[in-house]
Structures are given as structure tokens and as C-alpha cells.
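The following exchange sets computed values against the definitions that turn them into descriptive terms. Please consult the sequence and the coordinates alongside it.

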Amino acid sequence: MVAFGKKLKERSIEEWQEYYINYKLMKKKVKQYGRQIEVGSLDRRHVLKDFSRMLDHQIEKISLFMLEQQGLLSSRLQKLRECHDALQDEPDISQISNLREAYRSVGQDLLQLLVFIDTNAIGIRKILKKFDKRFGYRFTNYYVKTRADHPYSQLQQVFKHVGLGAVVGAISRNLHELQNNQGSFLSIYDQPVVPLQDPVVDSIKNAVDRLTRSTNFLNFMAQHALIMQDEDLLIHEDQADQEEGRYHFMSLLLNLANTFLYMVNTYIIVPTADDYSMSLGAAATVCGVVIGAMAVAQLFSSVYFSAWSNKSYFKPLIFSSIVLFVGNLVYALAYDFNSLALLLIGRLFCGFGSARAVNRRYISDCVPLKIRMQASAGFVSASALGMACGPALAGLLQTNFKIYNLTFNQDTLPGWVMAVAWLMYLVWLAISFVEPARDPEEVHTSQESNSESLMFDEADQDGNMEKGITKQLLLAQEETEHDDEDDCDGSEESAEDSRKPANSFVAAYKLLTPSVKVQLLIYFMLKYAMEILLSESSVVTTYYFGWSMSSVSIFLFCLGLTVLPVNLVVGSYISNMFEDRQILLASEIMVCVGILLSFHVVVPYTVPQYVISGFIMFVSAEVLEGVNLSLLSRVMSSRLSRGTYNGGLLSTEAGTIARVIADATITVAGFLGQSMLLNVTLLPSLIICVGSIVATCFTFNSLY
């Protein structure tokens, strides 16, 4: 493999040489740091400060030169625009040809600038990777995140090619107008489907696509998995080796399978919950309690599974599988016993078996850093797939027969099928799972350890995914030094105490700043709105449209299928064009629009109105969730990145409480009659949504 330094030299434009990243100097500096640390002449804190400052200087040099070149290209385009306007009055074929070549010349220079940006972006990633590898630090994620998401970011110029879109657009549009010109000036905006056949434009497009992939779909999926890192970003090489030793692919696969099955288990009953309730003599709207019982139990299971995962992964997964097997069995038997109580007990058991905290913790603690992003994205994908497959599977279970007085129909089969699935999973788990080795000291002090927590977005319902670090490293170090000085003066709280994880929900709540509380409110709002839409879909569509259970299943299946494509579009494109804060506010507004469109204010209530408003609300909530959790990670105390009562647990609990309240709202609103159900349940969603938008506007600047 050719060294990057040689590639950089080969790809460099000679007259721009001084503006490229000085990779050779940076590489030499990394080696120098290593020697100085070995002899004890330099401490790690100084290394981080000095390296950060040096890299900031290099990026500033690159970004300012980029802006200068963009200005020169813009000036040239402005002059060409004047010539182009003059030709509109008196078209001349030879002058048009010359003008076309002039635009192509600007395109060639733009292509050089894009190659310049791409080369420097690679250089930045390479030197960060080399720094992490040399010292065993987790510095890259911290550096990129804190620099790229700052409102005055210079790193965005490199990684997100800010401002170049206008230049690319000007060249493409004018070349399109001049192509085969016979006096007719057609714009790319008038004929967007007609591709421009020009090699320069094709080359520019390919270069832009390469840069866009620098912030790719996988990174956005990891935001949904929100990896919250401890404020201590230093991980020694022996600790990295220990992570490698803990990792077992089949065990990771079993955790992802657990995630998938649990999501299927959650949503497989949604299309039939109302029918099942009525068959047991209850109202159709009791489906809210039936669906919500699982979320109620999860409020408690999230805590004890989070604590249990400090000591073991295998035992809680075994316990989870057994409880879920029993819960689904009881759910299925409730029909033959004609007992609504058994139905609710079965769903409560399923909630008590929620091992999502264990799944998150395994990825956080046992998956090596180099593939943790892929594992986190896998978690999201498994959750989204389970969310889509649950209703789809329910739609296939259209049969009715008996075996030994046990009824198998569309109401009971979801329970029977999931009971068999969890039994098979239990056997697979017992055979294939390998419990990661733990040091005795680590087991004893697990809650004090530097274990990372994952916040999972709840497109998978309880808490699917995200990422980030809450405090800037250098500020955290200065605060630690300040704490040490206070200790010398007799301060009551030591620096060590100030970094201890929260030991209760009350302690965790006290660590939340106003901006964090706003983020949790947004999370609560979107979970509430999504749960209302999903849980009451069967009752609402049956009442207004006479939909069958199969139709409801198809509708919910289509909603679930939007999760990954939406994340693909947002992660690969939208996040490159707009700041997270802008996407956050726009998504909130679109959720509000979806809610408003869902109200029954026009007679008759039509299928297009319901479906379109539902998709707007659901898709916007999906976008909002990923962005919100990403922002949340950056304003949350670093003390919430460790221990049982961590940021991931708080996020999960907020979402679960929202689901519980939403399901309870459906049942209570049912007493007013099914004709009132839709509007009564949407009204709280609208109020909470408007409140979150107002709160976001007031705290917009504090999010960064």
C-alpha cells in the first residue's frame, strides 16, 4: 500500500502546495509525542491540547484558502453571466461555443478545488486515525463532532463542502442552457429529468458525491445509536486489546436478533388488539391498555436490566427469553380462558422481558471501537425491520382452527408464533452465546467504571438510537484542575466526586440543564405522537373506513418500511446541507403539520387524508428523533455517560412514559365514543408539539 504522504505529494497542485494539510509535519509530531511521553517529558493532557491546536490551524488554513478560491470562481462566473445575458439579445453560434468552453474551464478549476478538498479530508482522517492508533485514544469522534457541529465550524468547509453547491449549480445550469443552443435557452429547472451530457459536469458530480459520502448514512445511523462517551477519552492500548478479547460475533448477532424479535413482539398485536379486546367482552379502545401494558412493565425492566448488565450479559438474556416466552403463552391462552386479566398479564410479562438495555450495553462494552458504528447501525436496522415485520406478520396469520381445545386464530396466533420464536431463540442463545470475560475488580466496581452508554432512537419504539460527547475535552480538564485547587482550599466536593455517575433518578435529574430538558420534551412529544398514530390505527380505520385487519397491517408495514430510507436520505444528503438545529425545528413543524392534517374537521373523513397525514407525522418524527438524540448527547452531563442511571436510560424512560400515557389516553378517550376518539387523542399531541416548538425556539442557541 502506497503511503498517504506519497499520494498527497502526487495529487498536490504545485502552486497550492502551501495550503495543503502538512501531513508530513503532523505525522512527525505524532512520533515526537510518542517519544516524549515514553521518557516522561510530556503528559497526555498537553499532547491533546497541542495536537488539537495544531490540527485546528491546519484546517483553518485549508478552509480560508477554499473560501478564497470559491470567491475567485464566483467572480469568473459573474463575468461569464454578463456575457451570457448579452448573447440572449444577439445569439452568435461562435460566441456561444466560446462561452461554453469558458464555463468548462471554470468547471475544470472547480474540479481541481474539489480534488483539493477531498485530498485534505482524507489527510485529516488519516492523521486522526494515526493519532488514535499511536496513543490508544478515542480522540477522532470527539474532535470531529465538536468541530463539525459548532456554529462557526471550519471543519464543515472540508467535510461538507459548504458553499460549493452554488458554484456547481451555476456551472451546470449555464452549460445546460448553452448545450446545442439554437436560440432556445432551457433551464435545468425546467427540464430536471433531462441529464446534462457534459464530461466536466459528470466529473464534478462524481467528485461531489465522493465528498458527500464523507458524512455518510452509516454515521447518521450511529447518531440514532448515540454513542455517549465518557469524559475520559483516553483508552490505553491494553484496554483496546481487552475489548477485542471480549468481542464474539455470534454473541453480537444474538443481541441483534433479540432486538429484532422484541420489536416484532411489540407491534405484531397492534392490528388485532382491538378485535381481541372485543372478543373478551371489552371495548375496542381497551386496545390502548393492552398495547401500553408492555410499555408500563418496561419502565421497571429498563432499570433492573441496566443494572444487571453491569455484571453479566448472558444471564439477563436468558431471563428475558424465558419471561417473553411465558408472556406470549399467557397472551395466547387468554382467549380460551376468556380472561382480559390474563391478556394484560401476558403483555406485562413481555414488557418485563425487555432486554434492550443489555443489547445496548453489549454493543457499548464488548464491540471493538473500529466496528462499533456498524454494530450500532445494525441495531437500528434490526429495530426498524422488526417494527415493519410485526404488523406484516400479523396480516399473514389469517386462519382459525383448534387443537386440543386451544384456539388458533388471528387474535391468538401472534402470541403462539412469538412464543415459539422466543423458545427457538432461547435454545440458540444457550448454545452459541459466549459471556465476555470480566476482571474481578471490574465486576465489583462496574457502576463506577467508564462503560459507555448507547441512546437508541425509538423508531424501534422504546429507545432506538444516537451519539456524541457532552463536554469539550479541554474544558473538562480545566474543570478537573480547578476542582483539585478547590480541594487544597478545603472544598467539600473533590474532583473525583464530581465525576461520579448518578446513583438514582433524582440525582440524574439534577444533572439536567434546561436545554437537556427541552430535548427530552421533544423526545417525549414525538414518542407520544407516534404511539397515538400506531396504537389507535386499527380502531380509527375500522370506524371511518371499514378496513380489515389485513389492510391495517399493510398500512403499518408501509410506515415501518420508511424508517431506513428516511434515515438514508437524511444521513447522506440533508445533514450535509443543513445544520442539525435547522433540521430539528423543521421536523418539529412538520410533525405539527401532520397532526393538524389528521384532525377530523371535514365530513367525510377520507382515506387519503388519514394516510397522507399519518405518513407526514411518522416520517417527520423519525427524522426528528435521530437529530434530537444527536443534539441531546452534546448537552448532557458527562456524568450521565456511566453507571446504571445513564443518559440512555433517561432517554428510554422518557420515551416509554410517553407511550404509556398515549396508550392510556386512547383507552380513556374511548369512553367518549369512537366518533370522538381521533380528535380527543390528537389534541394533547398538538398541545405538546406546539409547546416543544416554542421551547425549542427559546433555547435554540443553548443547544450548542
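The questions below ask how each descriptive term is justified.

Q: On what basis are residues and local features reported?
A: The model is predicted, so local features need pLDDT of at least 70 and side-chain atom pairs count only at pLDDT 80 or more, while totals for chains, interfaces and linings use all residues. Residues are numbered from 1 along each chain as its sequence is written, and side-chain values use heavy atoms, with hydrogens and water left out.

Q: How many helices and strands does the protein chain have, and what makes a stretch count as one?
A: The protein chain has 30 helices and five strands. Helices are DSSP runs of H or I with at least four residues, strands are runs of E with at least two, and both are numbered from the N terminus.

Q: What makes a residue of the protein chain count as buried, and what percentage does so?
A: Buried means under 20% relative accessible area, exposed means over 50%, and partly exposed lies in between (1.4 Å probe, protein chains only). Of the 704 residues of the protein chain, 56% count as buried.

Q: Why is H14 called roughly antiparallel or roughly parallel to H15?
A: H14 (residues 314–333) and H15 (residues 340–352) pack at an angle of about 165 degrees, with their axes 7 Å apart. Axes are lines fitted to C-alpha atoms, for helices over the stretch in contact, and angles run from 0 to 180 degrees between N-to-C directions. Angles under 35 degrees count as roughly parallel, over 145 as roughly antiparallel, 65 to 115 as roughly perpendicular and the rest as oblique. H14 is therefore roughly antiparallel to H15.

Q: Which residues of H14 and H15 meet, and how do they divide by class?
A: Contact means heavy atoms within 4.5 Å. The residues of H14 that meet H15 include Phe 319, Val 323 and Tyr 331, and their counterparts in H15 include Leu 342, Arg 347 and Phe 352. The residues of this contact of H14 with H15 divide into twelve nonpolar, three polar and one charged. Here Ala, Val, Leu, Ile, Met, Phe, Trp, Tyr, Cys and Pro count as nonpolar, Asp, Glu, Lys and Arg as charged, and the others, Gly among them, as polar.

Q: What makes H24 and H30 oblique to each other?
A: Helix H24 (residues 537–545) and helix H30 (residues 674–699) pack at an angle of about 130 degrees, with their axes 10 Å apart. H24 and H30 are therefore oblique to each other. In H24, Val 539, Val 540, Tyr 543 and Tyr 544 meet Gln 674, Ser 675, Leu 677 and Leu 678 in H30. The residues of this contact of H24 with H30 comprise six nonpolar, two polar and no charged.

Q: Why is the pair of Tyr 276 and Tyr 331 called edge-to-face or stacked?
A: A pair of aromatic rings is described by the distance of the centres and the angle of the planes. Rings of Phe, Tyr and Trp (its six-membered ring) pair if their centres lie within 6.5 Å; planes under 30 degrees apart count as stacked, over 60 as edge-to-face and the rest as tilted. The structure holds 31 aromatic pairs. Tyr 276 and Tyr 331 lie 5.1 Å apart centre to centre with 85 degrees between the planes, and the pair is edge-to-face. Tyr 276 in helix H12 (residues 273–279) and Tyr 331 in H14 are 55 residues apart, so that the pair links distant parts of the chain. Both Tyr 276 and Tyr 331 are buried.Q: Is the pair of Phe 314 and Phe 433 stacked or edge-to-face, and what places it there?
A: With 5.7 Å centre to centre and 20 degrees between the planes, Phe 314 and Phe 433 form a stacked pair. Phe 314 belongs to H14, and Phe 433 to the loop between helix H18 (413–432) and helix H19 (440–444), 119 residues apart. Phe 314 is partly exposed because its relative accessible area is 24%, whereas Phe 433 counts as buried at 9%.

Q: How do you know whether Ser 364 and Lys 129 are buried or exposed?
A: Ser 364, found in helix H16 (residues 356–366), has a relative accessible area of 2% and is therefore buried. Lys 129, placed in helix H4 (residues 93–135), is exposed because its value is 62%.

Q: What is notable about phi of Asn 338 and Asn 405, and why are these residues called exposed?
A: Phi of Asn 338 is near 50 degrees, a positive value in a residue other than glycine; phi of Asn 405 is near 65 degrees, also positive. Asn 338 lies in the loop between H14 and H15 and counts as exposed because its relative accessibility is 53%. Asn 405 lies in the loop between strand S2 (401–403) and strand S3 (406–408), and its 66% relative accessibility makes it exposed.
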